[in-house]
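Student: I would like to take a close look at a single part of this model, and then see how other places compare in their surroundings. Could you take me through it slowly?

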Amino acid sequence: EEAAEEEEAAAAEEEEGGGEAANEVGKKAKRRLKRLSIAELKQLVSKPEVIEPWDVTSADPRLLVNLKSLRNTVPVPRHWSQKRKFLQGKRGVEKPPFALPEFIAATGIEKIRASVMEKENAKKLKGKMKERVQPKMGKIDIDYQVLHDAFFKFQSKPRLSRFGDTYYEGKEHEVQLRQKKPGVASDELQKALGMELGGPPPWLINMQRYGPPPSYPNLKIAGLNAPIPEGATYGYHPGGWGKPPVDEFGRPLYGDVFGTAGAEPAEQLAPSLSRDNWGAVEEDAEGSDDEEEEDEEEGGGGGDGDTASELSADEVAAGISSVASNSSLPSGLATPDSLHLRKQLGAQRAGTATPSSVTDGAQTPESVSSAQLYQVLQQRDAKVGGAAFGSSHTYDLSGAAPPPSSSSGGASGAPPRPGSSGVALALDPSELGSLDEAALKERYEAAKAAEKEATAPEDVSDIIEEHERKRARKQEGRGRR
């Protein structure tokens, strides 16, 4: 009984599993039935060329195709559906060595570097170790002008990828068709196809039978929608151009195959478009006046220049006088005939320069005061004596001219220089009324004595005596030895 119950339970489980599997298969079948076919999807969209086989399996195929057909959209890289990892197909492929660009290789750097490397390899271990400790510089020496021309004259721009251009395996091995044009057969292609010089292409017969290629509706093909070259003939003989495609009435089907139609009219703008200018550039009045004045000065032969040259002297004088009479300058500010910027030395120092004290512009303060630039003093021999910094000669200052002094009373207000005969006194303005000549003299004597005491040389006699005693002791010690 227990075994029978287990068999019944297993059968029930199998029936339940089979029902679930049937339900799953039913769901997949329903999805396939609801899914659009590739032909139906291509009929529903405006750009069927972007559709790929797996686009119909997406949740919303129309939205996907619409996004793919938009401008500047970047496609998903091709290797998204590959089972292998990215670039696994390049394993074991020998990687080519790096090649210098042409403008750098033209400088000869590769040959120079190869010769230097050859010398390095020829060295022994001892020379290599010495070179490592004390390396030599300047082995690769190239003219700077050659490098300048290479990078600033002959440098070429490298090929760059476009927007949205992603890399995939084998892309570098694809043929670049940028230099190829449809309908133009190169010499290599003509030679490979066995075409005669100026002969028809081998696909012309099929095009005349089935029509021009739909991918190039505006392409002109001789013998199909354009006249054949001069000297060529239609026919199926070797070098013949087949049969021109015409209808039952002898009219060309695809274009002017006989060359009887006139030239195509140039494309014209729609009559609704306006040809009026959008605006005009404003002319600068001041700039035009300046240009006219420059033209008059340079040319000198225009009508205005002739009129100006014909003015008489009386008219010019009358114009100058009218300008002078209408001047807005106040009286007393008339411009003098000549202006001298140099003044007398005394007037400059006292600060009382007047227009009458202005000297000639060619004179200088030194020439006005007739002061000597220098004076040669007589030298005398003297003894050093007991001074610490004494000199073996002195100068006779009795015949020296006194330095130029300012006006009496110190009108300049500058303090007396050190070593001059003047003495600076500090007076209180409140005491000026009670001071008499004797008090001023007493203050003067006191200030002079204080200045003499301050400027008196320092007494260094004790230092000199100490120095002499030390020298005498040293001499005595040497004599004893």
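Student: Between which two helices is the loop that holds the place of Val76?

Tutor: Please keep in mind that this is a predicted model. Val76 sits in the loop that runs between α3 (61-69) and α4 (102-105). Its relative accessibility is 62%, and because exposed means over 50%, Val76 counts as exposed. On the surface, Val76 joins Trp54 and Trp80 in a nonpolar patch, and together these three residues have about 360 Å² of accessible area.

Another loop residue to set beside Val76 is Asp459, which is found in the loop between α15 (437-455) and α16 (461-480). Asp459 is exposed too, with a relative accessible area of 61%, but the surface patch to which Asp459 belongs is one of negative charge, where it gathers with Glu458, Asp462 and Glu465.

A loop residue can also be buried, as Asn225 shows with its relative accessibility of 7%. Asn225 lies in the loop between α9 (204-210) and α10 (285-299), and because buried means under 20% relative accessible area, Asn225 is counted as buried. The side chain of Asn225 has polar partners in the backbone: one of its polar atoms lies 3.0 Å from the backbone oxygen of Leu219, and the side chain of Asn225 also reaches the backbone nitrogen of Ile221, at 2.7 Å. Thus Val76 is an exposed loop residue with a place in a nonpolar surface patch, whereas Asn225 is a buried one.

Notes:
Residues are numbered from 1 along each chain as its sequence is written. This is a predicted model: local features need pLDDT of at least 70, side-chain atom pairs count only at pLDDT 80 or more; totals for chains, interfaces and linings use all residues. Side-chain values use heavy atoms; hydrogens and water are left out. Patches are made of residues with over 30% relative accessible area and no salt bridge: like charges are joined within 9 Å, nonpolar side chains (Val, Leu, Ile, Met, Phe, Trp, Tyr) within 5 Å. Accessible areas come from the Shrake-Rupley method with a 1.4 Å probe; for residues, only the protein chains shown count as cover. A salt bridge is a side-chain nitrogen of Lys or Arg within 4 Å of a carboxyl oxygen of Asp or Glu. Lys and Arg count as positive and Asp and Glu as negative; His and the chain ends are not counted. The place of a charge is taken as NZ of Lys, CZ of Arg, CG of Asp or CD of Glu. Helices (H or I, at least four residues) and strands (E, at least two) are DSSP runs, numbered from the N terminus. Buried means under 20% relative accessible area, exposed over 50%, partly exposed in between (1.4 Å probe, protein chains only). A polar contact is a pair of N or O atoms within 3.5 Å; within protein, one must be able to donate a hydrogen and the other to accept it, and residues adjacent in sequence count only if both atoms are side-chain atoms.
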